[in-house]
Amino acid sequence: MPGRGEWTLVGRDDELKIIEDVVSSRMPGLVLVGDAGVGKTRLLREALARAAQDGVECHWVSATGAARSIPFGAVSHLIPAQTRPRADPVGLVVTVERDFARRGGGRPIVIGIDDAHLLDEPSAGLLHQLAVHGLAVAVATVRAGLPLSDALTSLWAGSGRRLDVRPLPATAVEHLLDEAAPGPLDAISRRRLTRLADGNPLLLRELLADAIDTGGLRESRGIWRWRGTASGSPRLAELVSARLRALEPAARQVLEVVACGEPLSLALLERFTDPVAIEAAERSGMVVAERSGARTALRMAHPLYGEALRASMPASRSRTVFGQLADVLASMPLRRRDDALVAGVWQLRSGSVRHPGIALAAARQAIDRFDIDLAERLARTAYDAAPGWEAQWLLARVLQYQARSQEALDMLPPAPPPGSKRLAIWATTRAGLLYWGLDRIDEAHETLRMVPAGSPGHDLTEATRSWVLFYDGRCEAALSVGQAVLARPDTGVRAASWATMGAASAAGMLGRLGLAAELAERGRAVLAAEPERMPWNEAQVGLGLCYARYAAGELAGAADLADHGYAAAVASDARGMVAVWAGFRGIVAKTQGRLDAAEADLREAIALVEENDQYHLVRTYWAALAGVRALAGDPSGARRWLAAADARERAANRIFHPWVELDRAWVQVAEGDLTAAIRTARTAADLARASEQPTIEAVALYECARLGAPESVRERLGALADRLGGLASTLAGAADGLVRDDGPALETAAGDLVGRGHSLLAAEVLGAAARAYARRGRPRVAVAQRAATLARDCRGVRTPLLTATAAGTEEATLTRRERDVALLAVTLPSRGIADRLGLSVNTVNNNLARVFTKLGVRNRRELAVVLGHDRPGAPDRSPGAIRPPQ
């Protein structure tokens, strides 16, 4: 955290303009009214600093409770020294007025008054006189809800103004987080801190300071995560307790109940709380009522009120309140979607589980929302209170999600009761543990086959089988099984989401993007028919289509889906879902050449999932990050990340093995071993072919082409193009264009790549097209310009093809004399070049003619494009400005 001094003022442009207008028009005064910590003082300081820069005389008055008992104590520094001993208040005021009239000389004087509600009456009267007589403009801060003296009230009641200082907008809070946090925050931590601060910069400052001091904010893989609470900071506790001290005991008890249960149904609260006390709590301003349909609920007026109030309650009182809430809710019909989850959490916090069935239902709901830590606590309490098969299975399932595979397998019953749907539940849980957790792949498939066709839950086991088959690189089987599940009229929501994930992903890998989209729509239709929407189920459907679009080369569409899924996951506080979407966003961004975005997303994914990597995705993320560092020209960083990926190698998830090898190839490129890189890319192509990913095979083969061996993959790419069409055809055309140095073919392929969102590949191919045109003496200025623009968009990317086709590389074909003439010809006429180099004009023109012939340009304008001098801010490349090529 870069110090704890004054933060940058953001989000207050409108307020600063109002203060500037008040000062320039010399109004008597302006009162800034707002809650404690909202930023009134910071706003006032900034306004006075800007006024002082404009030559305005400014004074600062700070009112305090300690100085309130001293007449004129707050303004003593404004009183001329020779008049201070005088006891006549009226004479003192007159003296100060004369002094300000003399100093002002017709120009405005501004007095900033901080915490004006704490002014002693004589000081308030003096400042009022200066303002109303036009001798100074008084700009005061006042805490909302506190009584003010008549002198202060008149500052806005007459010709002055009042300005309510509202909480900062979320965008401003985000800016402050970027400035004040010790490093990049993961999205969920950012959202939690932003929500708790609620636009109050002081609260945000205290949250960050407390998080750093207590270790609640920790760094992992370059990403900072907040794992603490807001209840530990003494300053935050004091901000709340100051408001609580004025409340009657009955009203405070209501606030405690609301703090424990917020948002809390008014009907539930009235079952064991006095209505008069509820009304008093509402009048305090610390709780607000919200109506949703026929239901009225109470919540704390600020998120931190609840945090601080819960922290201040004795443990016995807290447990009693939670127990009462849980018992009352359990006695009512649990009609609302989250009632079971809420009742389960209240039981958990009461320390006594009197309704184990509700705790089990709550654990299932927590799993559906991917809050796995909460699910574990609920499942354990339910299991401890009432051991049984269902509690045992549910706890095993939670442990599976936490990547505690052996512990989960030990907890799972060795076999389910026969003749019930529990066989399917047991089989899907056990198969997942065997496949992802223990690498016992054949046993996983055998377990799923134990559930006979037509039995209860068979759709769920078949959907799981589709998913496992996809990750195991058996895409044709995954597609077939998933399609069969989605074709059934009675398929359940969970089965539909898993089947869509497996089948749509497999269809995309097989190059059948239209079918993948159709399957995703079927899955969404099943989900839409259910009244209760589960974020994880929806995410699986979206992820299946995202895989398909990526594999089919539709990067723009894949990026849109990933961005939408990521935002939804952050809004749901689903850490595992955020990690999956962040990882996929990073992979897409890397492929597009957006290295900064790719690294940020991949680091966030790794930080979030590394500890609970149930599906073993972190190896793919580490390898992708190695690819990012390799493309950035950082071989040592790339090697480190690749070593981390190799340490996590597993037999499961064969679908990603070729992806990892492609990143390995780029690490070898960064190390300068192109031969090894081409060989590794061929290995990746073989792995993709073996795991039924023809689309990824085409990508891997094209990697060989862009690394300098297009002839070796030409035939196989052509065969894939005939079979798949789409991206494979584009890549085959690009590879063929590289072999034949065919400008039009390369330009056509580049246009298709741009349309698919492949900016990096398009930049390379268009650069190769520009070079091919120039070699044949038919330069295309527009092609060269477009290639340069795309290359600039891939900031920091280094690839052999980009380097070979970059503007200026053509200079290497020129002699030193020709090169000097060419560089000067961009800006000087032949006579100027001759004078600069000590040559005759004829010699200059002869050299220039050879330059035009070698570079395939027709005039100096085209020469500037080829040499890269057509761009704004192009570096000075005249002779002597850079070293000549060796």
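Q: Buried means under 20% relative accessible area, exposed means over 50%, and partly exposed is what falls in between (1.4 Å probe, protein chains only). Why is Asp-439 called partly exposed?
A: Asp-439 has a relative accessible area of 26%, which falls between the two cut-offs, so it counts as partly exposed. By the way, this is a predicted model: local features need pLDDT of at least 70, side-chain atom pairs count only at pLDDT 80 or more, and totals for chains, interfaces and linings use all residues. Residues are numbered from 1 along each chain as its sequence is written, and side-chain values use heavy atoms, with hydrogens and water left out.

Q: What makes the phi of Asp-439 worth a look?
A: Most residues other than glycine have a negative phi. Asp-439 isn't a glycine, yet its phi is positive, about 60°. You'll find it in the loop between helix H20 (422–437) and helix H21 (441–448). Helices here are DSSP runs of H or I with at least four residues, strands are runs of E with at least two, and both are numbered from the N terminus.

Q: How do you know that H16 and H18 are roughly parallel?
A: Helix H16 (residues 356–368) and helix H18 (residues 389–401) pack at an angle of about 25°, with their axes 11 Å apart. Angles under 35 degrees count as roughly parallel, over 145 as roughly antiparallel, 65 to 115 as roughly perpendicular and the rest as oblique. That's why this pair is called roughly parallel.

Q: Which residue classes make up the contact of H16 with H18?
A: It has 7 nonpolar, no polar and 4 charged residues. Ala, Val, Leu, Ile, Met, Phe, Trp, Tyr, Cys and Pro count as nonpolar, Asp, Glu, Lys and Arg as charged, and the others, Gly among them, as polar.

Q: How do you know which strands are the edge strands of the sheet?
A: The open sheet has 5 strands, in the order S2-S3-S4-S1-S5, with parallel pairing. Strand S2 (57–62) and strand S5 (161–164) each pair on one side only, so they are the edges. Two strands pair if DSSP finds at least two bridges between them.

Q: What makes S1 and S4 a pair?
A: Strand S1 (residues 29–34) and strand S4 (residues 137–143) are joined by 6 bridges, so they meet the "at least two" rule. One of the partnerships links Val-31 with Ala-140 in S4.

Q: Where is Pro-263, and what is the peptide bond before it like?
A: Pro-263 sits in the loop between helix H10 (249–261) and strand S8 (264–265). The bond from Glu-262 to Pro-263 is cis, with omega near -10°. Most peptide bonds are trans.

Terms used:
Axes are lines fitted to C-alpha atoms, for helices over the stretch in contact, and angles run from 0 to 180 degrees between N-to-C directions.
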